Structures are given as structure tokens and as C-alpha cells.
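Me: Here is a model I would like to go through with you, one part at a time. Please take a close look at the ligand site, and then tell me about its surroundings.

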Amino acid sequence: MGRPTYRLDQRKAPFLEGLVQYSIDGVIPFHTPGHKQGRALDPALRRALGDKPFLIDVSDEISDPHNENDSAAVLLEAEALAADAFGAERTFFLHNGTTAGIQAMLLAASWWSRQKSHTSFSERLLEDVATVAVPRSVHRSVFGGLILAGLSPRFVEENWDTEWNIPLPPSSKAWQAVAEIDDVVALLDTYPNYYGIGGDIGAIARYTTAGRLLLVDEAHGAHFGFHEALPPTALSLGAAAVAQSAHKTLGVLTQASFLHIGEPGLDELMSVVLSILQSTSPSFLLYASLDAGRRQMALEGYKLWQRALEMSQMARDSINRIRGLRCLDEEVLDKPGAHWWDPTKLLIRVDGIGMSGSEAERHLRQAGVQVELAGLNHILVLITIGDGPKEVDRLLQALRELGTARTHDGKKHLQPIPKTPSSGKMVLSPRQATLAPWREVVLGEARGKIAANSVTPYPPGIPLLVPGEEISDESIEYLRGCWQRGIEIRGWAHPDRKTIWVVDDD
Ligand SMILES: Cc1ncc(COP(=O)(O)O)c(C=O)c1O
């Protein structure tokens, strides 16, 4: 593959350059933000961050005579360079993370389906009738997006891996089974999932007929387009829109994401939707980091990811030689639903040394290493272009010491997670349930009621109840089992009283 060729001059970073030039020009800012290029700062904050970030943390102002110093025009130029680098029809910079991108994609899908519909005007105005096909394990921002857009989830059956205690992508057959249901207006997949495992997006894209959109949460895959040993991007496989948390895997500031559009015509709608959802005062620091991160990837991405891939392989081989530890390998591709795999994610099983994931996380932290997440029997470590031999050696050293810190307490946390009950009936849309009156009920008395809020055990982090869903005996028993095992449950109305929020339909 080597360095790809681009249409535009990828050596440019107009947004970063325009901001730096503004500070060099020494313009006196009689405009926001109030810290006035750092002069109004609390001294402790200045000591913590230094002067430089504040010199370019300005709003609306930029120096670029070529664009008449118009920051909106410079932003368009920077976004066009990103679209070229990522292979999109159009790219938007996001300053509220992929969360905003997912919400925007869902709002746009709702509008898109109404515009393409051949039904009467009054039918097109109906709310809460359309559905989006999603795996149950989607990120919670998807439920936020469904609430905003007045859409309901239509869950696609996914696979659960009992060996690693992680969700696996739904099979393409499972997508096909829902893709053509009349009320489905879009398909939304997470590609890859948190563990770097992706389903067959190319096949799923082929099921999006009759104006349906394939929307992809590629939060963990902003690096995919820059090395052939990484999975292909969802855009290249036919997605209509893709949100990427550039901040998760690239050299970019937290909260900065990309929203790439693949479907011609969808960009105009997206631009309107984003102006509704996002702050009117974007952090230009975030935008400058997206601009610079894109340039770095376009010019040096291949070389940098080559090194990160080598680091990951070396770490994986070493971890697999540590007694009691096991690191997921490309064997994962034999598992149901798994079609692509990102080798820079190190998913490490620690139950072989008698520890739960969270115990291992605590021990590693004491040894000066922090992992990305801890599951029932595993921890997840991310390797990016920011990791070199020194960091990876520290990780390996800490993992070798982990065996000696073994405790037998871990065993009690290692009872397998019971099989998640099948999804309950969606009696209301998530939006109707969220906007309806709520009341608090003790979990044991919630049978037959409608959940008003999501309730999610961690691990595995998959919502057991979503707003609008009828609560079954099975779900109540499952949650009871989780809390008896010490599994954290998020979404209680009051954790001490073991109550949840339900729709008050009395
Ligand atoms: C799969 C997935 N999607 C979406 C998000 C939201 O991304 P952001 O933090 O950029 O808003 C996350 C964040 O953890 C995620 O893991």
C-alpha cells in the first residue's frame, strides 16, 4: 500500500496555520474568549497548561488573507482536506465527539427517510413510527440519538462470546433478517466494537436498499484508512455516514471527532442537523488538532501505524509467553460474526492467574500502568502511534509482576456472566418513554411496567433495559443476579433503595 495519493495538497493544515498566524500577528483580541489569550488566567491553570494553548484558543478569528481571514472558509478548506484523506464526499469536524456525530446521523436518517418517502404529507409528519436496526451493545449515545430523532431501535441479534466475555458483531444474516422490514429506515452498526472486532460491513451495505442508510459508529477506527494491516474503513465498504472519534486513536485532542459522509446529498442535511446539536462556540484547539492529526495521517500514517503494529505484535507474543495470561489473536476471525480485527487492541485474559479484570486493573495501576477497560475476565490495552518500546516494556514488566500479585479473591468475581435475557417488547419509543411522566419503583415490583431510563450492568456494558421497553421477570432476575455478584449497575433511580424509573401510566 505505502503512502496513498491524494487529490489535494495534504501538506497543508490551514486551520492550525491560520490560528498560529493570528497569535504571531499580535492582534489585540477585543473578543471572546474572556481569558484574552491567557492574560486573565488563574496562575495555577497557567502553570498546569503553559501559555501556548491560550494564544490559539480564540473564537471566530483566524489569519488567512487567502480566505479573507474568514474562519468559516478556513474550516471548509480544512474539512475538504480531511474528506480527501479519509475518502469521503464531505467531512465535518465535530467538537462534541462521536456522540454528536451519532446523534446527527440518526436525526438526519429520520429526516432523510421522510424526504425520500412517497407517502402523504401528513403520514410523513408522523413521529415515533420508524425504526433503526442496531445491535443491543451499541454505545449509549445511540439511545440518546434515537430519543432526539423519535426513532425506535429494532435489535439485531448479536453473538456473545463466553470465552472472552465480550459481545461479537451480529452476523450478516442477522442484519439481512431486519434490513428489509418496512419500518426500518436505517441500519446502524458499531465497527469495530470496543475490542477492535468488526462485522461484515460490506455485506451489510448491500442490504441497504430502498433509500435506507447504513450509518456506522467507527469511534474506535479513525486510523483504519492508513495501513493495509488494519481493517478497511466503513466508508470504503459502502457506509452512507461514519462518525470517528479521532481523539481515541489518533494524535488529536479529546472530544475532537470526524463525521464523514459517503452518500451524495446527505451532507446538506447533516450540516443543518449539526448546527442544531453542537455548540456555536467550537474550541478552535480541537479543530486545529483535527487538522494536524489529518495531515500527520496523510503524510506519515503508514509509517507510524507500521511501528504501532509491530509494537502490538511484539507485545502480544510476549504476553502469550507469560504464564496464566492470554492475548486475543487473529483466531478471533473464526468466531461468529467476526469479519475484521484490529491487531492494535490487546485484549488480555487474566483469569488464568485467578484474577478478575478489575483486580488486574488495580494491580497494574499500582505498578504505574493504566488500562483502557477491565471486563469480567479480561483487560483491554490500546496501542497507538504514541507508544514506543519504553512504554510497551513497562506494560510487559507490569504484566509479568501481575502473576506474583495473584489473589484467590478473584475467583469469586469470576462466575460467568449469565446469558442476557432476550430484548423485551418496545411498548413506547425511547422518546415517548423519556418524555412521559416517570415514577420510581422497587426493582422487584417492576414486572410489566415500561422502562423510562436505560439500566446497564458493567460489565458487559450492554443495556438490559432501554426506555420504552416492557420489563420482564427475566430482566428483573438478571439484574438481581448482577447486583448479588457485585457487578456495577448504572441507571438505578436510587442505588440504595434498588429502585428504577418506569413510565407512570396510571
Ligand atoms: C463505541 C463507541 N461509540 C461512541 C462513543 C462516543 O464517542 P465520543 O466519546 O467521541 O463522544 C464511544 C465512546 O466511548 C464508544 O466507545
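Which helix does the largest share of the shell around the ligand come from?

Reply: Happy to look at this with you. Keep in mind that this is a predicted model: local features need pLDDT of at least 70, side-chain atom pairs count only at pLDDT 80 or more, and totals for chains, interfaces and linings use all residues. Residue numbers start from 1 along each chain, as its sequence is written.

To your question: helix α5 (residues 97-116) gives the largest share of the shell, three residues. Helices here are DSSP runs of H or I with at least four residues, strands are runs of E with at least two, and both are numbered from the N terminus. A residue joins the shell if its C-beta atom, placed from the backbone, lies within 6 Å of the molecule. By that rule, G97, T98, T99, H139, S141, T190, Y194, D217, A219, S245 and S257 surround the ligand. In character, the shell has eight polar residues, two nonpolar and one charged. The classes are simple: Ala, Val, Leu, Ile, Met, Phe, Trp, Tyr, Cys and Pro are nonpolar, Asp, Glu, Lys and Arg are charged, and the others, Gly among them, are polar.

One shell member, S141, leads us to helix α7 (residues 140-149), which is largely enclosed by the rest of the structure because seven of its ten residues are buried. Buried means that 20 or more other C-beta atoms lie within 10 Å of the residue's own; 12 or fewer makes it exposed, anything in between partly exposed, and C-beta atoms are placed from the backbone. The buried set in α7 is S141, V142, F143, G145, L146, I147 and A149. These residues pack against α5, β2, β3, β6 (184-190) and α16 (430-435), where a contact means C-beta atoms, placed from the backbone, within 7 Å. Just after α7 comes G150, with a positive phi near 65 degrees.

Two of those packing partners, β2 and β3, also belong together. Strand β2 (residues 131-135) runs parallel to strand β3 (residues 152-156), and five bridges join them; T131 has S152 as its bridge partner in β3. Strands count as paired when DSSP finds at least two bridges between them. Five of the five residues of β2 are buried. T131, A133 and P135 point one way from β2, while V132 and V134 point the other way. That fits a broader pattern: in a regular strand the side chains alternate between the two faces of the sheet.

Another shell residue, S257, takes us to a second pair. Strand β10 (residues 257-261) pairs with β1 over five bridges in the antiparallel sense, and I261 in β10 is the bridge partner of R90. Strand β1 (residues 90-94) is mostly covered, with five of its five residues buried. R90, F92 and L94 point one way from β1, and T91 and F93 point the other way.

Helix α5 is also a packing partner of α7, so to speak, and A109 is a good residue to follow next. Among the 143 residues of the largest nonpolar core, those touching the most other members are A109, V132, L215, A239 and A241. Helix α12 (residues 284-320) supplies the largest share of this core, 13 residues. A nonpolar core is a set of buried Ala, Val, Leu, Ile, Met, Phe, Trp, Tyr and Cys residues joined through C-beta atoms within 7 Å. Beyond its neighbours within four places in sequence, A109 is in contact with V132, V185, A186, L213 and L215.

Helix α12 also holds Q306, which is partly exposed because 14 other C-beta atoms lie within 10 Å.

Finally, the setting as a whole. The protein chain has 17 helices and 19 strands, and 47% of its 506 residues count as buried. Its radius of gyration, taken over C-alpha atoms, is 24 Å, which agrees with the value near 23 Å for a compact globule of 506 residues; the globule rule is 2.2 Å times the number of residues to the power 0.38. Of the contacts with a separation of 6 or more, 72% link residues 24 or more positions apart.

Terms used: Two residues are in contact if their C-beta atoms, placed from the backbone, lie within 7 Å.
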